Amino acid sequence: MKQEIERFKQLILKNKEKKTAVLHHTDPDGICSGVITATALERISGKKPLMFHQNPGKVTVKPSTVKKLKEEEIEFLITTDLSVDQFPETIKDTEEFAEILVLDHHKTYNDLNSSRTLMIKSQDLTGEEGSQYPASKLCFDLFSELTDLKDLDWIACIGLLGDNAYNSWMDFVDGTMEKYYIKEKPEKSVLFEVKKLIESIEVMDLSKMDDLIKMFLSAKKPEDLLKKDLLSELDEMEKEVAYWRMEFEQKKEVFPEKELIYFEIKPEHSIKSVLINRVSDRYKNKTVIIVQDFGDSHVYFSARRQDFKVKVNDLLEKSIEGIPDSTAGGHIPAAAGKIPREYLDKFKKQLIEKA
Ligand SMILES: [Mn+2]
């Protein structure tokens, strides 16, 4: 553990003068870990890194992103909250022009460590399952070894709430809320409002992501982010989620002997992650699967199991076996993936079998 933190410190200090990019995931933990990392780098080197994100749901580095990084002459890449080891090819391609630091807490698929890459997963530091040590807290803790980040504690808390890890960090979140005079329960608080705001930008209008990040980088407290022009997206999303929640309750397929609930949606926007987080709070002891269909070549699915009795990352990986051009992975309690639409029946059959 000590050794990884030393290697981390050396790598950051060694690359202080290099042209640096932060590539982060687009969900609340991804945004918060990216903002914490960018702010920390600026404090350490006096230089702002470039911020990059890909389309939501993409957890590995896309070839087109490698191209962009190369065009920008990036010499040091930090990825946060991305499971980039699920597709090592693009990391190898990036190594040809940049050093890489991977900061993540998804299941480990490949060891990317090399002379050019340092990969730190939360589970490497704690020896415990990574889902409960989200990337925003990991980045907050690691960079706090190099610079003072105490004023970013509330951002780490939003990431923790985003990845459902409040129960593992109660003292930290409660203490931070007290510091900012937040009296409500976390899920009723302004921190949770910001978490939902980030989700709504991700789901409804990704083009506003850059504005959101810009606001984040200058915000001093959570209230600074609750600006009217971004909040309209949140209202719209809530309406759509409310509609599909009702549909879910009325039309879900339940397999009692498998403790499995299965549901397909055809929403206007990509609400599946938001929806499944809400419904699985009501069915913590069930495996919940939601399949999202936009009528294009692939369908997308998410899975949740909050009591950890089933490893949904493994379950989804087994359910896509033998299906070409498919992906699945993530955490024990929360995972996702996609398959070509013509394989939906096969996927569902394998899912029910393996559940
Ligand atoms: Mn995360």
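Two strands are said to pair if DSSP finds at least two bridges between them. By that criterion, β6 and β7 (residues 260-265) are a pair, because 3 bridges join these antiparallel strands. The structure described here is a predicted model. This briefing covers its manganese site and one of its sheets, together with a helix that lies across part of that sheet.

**Manganese site**

- The manganese ion has four protein donors, namely Asp-29 (OD), Asp-81 (OD), His-105 (NE2) and Asp-163 (OD), which lie 2.1 to 2.3 Å from the ion.
- Along the chain, the donors of the manganese ion follow the spacing D-x51-D-x23-H-x57-D.
- Asp-29 belongs to helix α2 (residues 28-45), whereas Asp-81 sits in the loop between β3 (76-80) and α4 (88-95), so these two donors tie together parts that are 52 residues apart in sequence.
- Asp-29 and Asp-81 are both buried.

**The six-stranded sheet**

- An open sheet is formed by 6 strands in the order β6-β7-β8-β9-β11-β10, and its pairing is mixed.
- Strands β6 (253-255) and β10 (327-330) form the edges, each of them pairing on one side only.
- On average, neighbouring strands of this sheet are turned by 15° against each other, direction ignored.

**Strand β6 and its surroundings**

- At the β6 edge, Phe-255 has Leu-260 of β7 as its bridge partner.
- Helix α11 (residues 228-251) lies across β6, β7 and β8 (287-292).
- Relative to β7, helix α11 runs at about 130°.

Definitions and conventions. Residues numbered from 1 in each chain as written. Predicted model: local features only at pLDDT ≥ 70, side-chain atom pairs only at ≥ 80, totals over all residues. Heavy atoms only, no water. Donors = N, O, S within 2.8 Å, 3.2 Å for Na, K, Ca; no water. Helix = DSSP H or I, 4+ residues; strand = E, 2+ residues; numbered from the N terminus. Buried < 20%, exposed > 50% of the residue type's maximum accessible area, 1.4 Å probe, protein only. Axes fitted to C-alpha atoms, helices over the stretch in contact; angles between N-to-C directions. Contact = heavy atoms within 4.5 Å.
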